[in-house]
Amino acid sequence: MASRPKDPQTLIGDNDRDRATHLLQDAYAKGQLTHQQLEQCLGQVLSATTRGQLDAAVAGLPARSPKDRSTITTVSGLILRRGRWRVPAELVVATPLARVYLDLSRAVLEHPELDLELQVGVGRVRIVVPREATVDLEDVETGLKGLAYRPGRSSRSGGPHIRVHGTVGMRKLTVRHALLR
């Protein structure tokens with residue numbers, strides 16, 4: 001199940017600009033951009049008002065390496081990740097029948113932004129995010145039971161940004177912030 005393409009005319013907000021800024025800063029820190037290129041791209045990001053303008057500002061960044069992407073899959077049962085585990089920049093969780101429990105509160109998030117794609121058929125999905133994380137659930141489709149999420153009190157721009165997208169079919173998707181860190 002591929003995610004829907006984004007409309008280039010969609011207006012963007014501060015969270016979108018923050019994510020793009022983090023991508024540019026990360027590329028600069030890795031030596032993939034010169035100082036002049038960073039300044040130019042940051043200027044484009046800060047003046048962008050639509051998705052298309054923002055995408056154009058970060059279009060020249062190198063693609064992420066395969067080690068920055070991982071897939072967790074099973075047919076049925078339980079997908080369980082908790083404690084200290086490595087989380088790449090892009091994580092796909094795919095299952096037609098299993099329940100999913102992802103606790104990211106003590107996980108090692110290797111990038112300031114996590115792109116979490118869900119491809120879940122029947123199973124319930126529960127995700128615990130760090131207290132300081134911001135969460136984007138705009139592109140996730142839920143079926144019969146819907147979505148439960150209440151933004152955390154301590155969510156701020158200094159924490160990781162977690163973008164959840166994809167499909168959760170028959171059961172509920174619950175996302176909550178960790179109680180303690």
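Which strand does Arg-99 lie in? Arg-99 belongs to strand E5, residues 99–103; strands here are DSSP runs of E with at least two residues, and helices are runs of H or I with at least four, both numbered from the N terminus. Before the close-ups, note that this is a predicted model, where local features need pLDDT of at least 70, side-chain atom pairs count only at pLDDT 80 or more, and totals for chains, interfaces and linings use all residues. Residues are numbered from 1 along each chain as its sequence is written, and side-chain values use heavy atoms, with hydrogens and water left out.

**View 1. A positive surface patch that includes Arg-99.** Joining Arg-99 here are Arg-126, Lys-145, Arg-171, Lys-172 and Arg-176. Patch members have over 30% relative accessible area and no salt bridge, with like charges joined within 9 Å and nonpolar side chains (Val, Leu, Ile, Met, Phe, Trp, Tyr) within 5 Å. Arg-99 has 40% relative accessibility, so it counts as partly exposed; buried means under 20%, exposed over 50%, and partly exposed in between (1.4 Å probe, protein chains only).

**View 2. A nonpolar surface patch with Val-122 in it.** Val-75, Leu-97, Val-122, Leu-144 and Met-170 make up this patch of about 490 Å². Look for Val-122 in the loop between strand E7 (113–120) and strand E8 (125–129). Its relative accessible area is 39%, which means partly exposed.

**View 3. A salt bridge inside helix H1.** Arg-17 pairs with Asp-14, their closest N and O atoms 3.4 Å apart. A salt bridge is a side-chain nitrogen of Lys or Arg within 4 Å of a carboxyl oxygen of Asp or Glu, and the whole structure has six. Both residues sit in helix H1 (residues 14–29), three residues apart, or about one turn. Arg-17 is buried at 16% relative accessible area, while Asp-14 is exposed at 58%.

**View 4. Arg-163 and its partners.** Arg-163 lies in strand E11 (residues 161–168) and is buried, at 12% relative accessible area. Asp-115 forms a salt bridge with Arg-163, the closest N and O atoms being 3.1 Å apart. Asp-115 is in strand E7 and Arg-163 in strand E11, so the pair ties together parts 48 residues apart in sequence. Salt bridges with shared partners join Asp-115, Asp-139 and Arg-163 into one network. The Arg-163 side chain also makes polar contacts with the side chains of Asp-139, at 3.2 Å, and His-165, at 3.3 Å (a pair of N or O atoms within 3.5 Å; within protein, one must be able to donate a hydrogen and the other to accept it, and residues adjacent in sequence count only if both atoms are side-chain atoms).

Terms used: Accessible areas come from the Shrake-Rupley method with a 1.4 Å probe; for residues, only the protein chains shown count as cover. Lys and Arg count as positive and Asp and Glu as negative; His and the chain ends are not counted. The place of a charge is taken as NZ of Lys, CZ of Arg, CG of Asp or CD of Glu.
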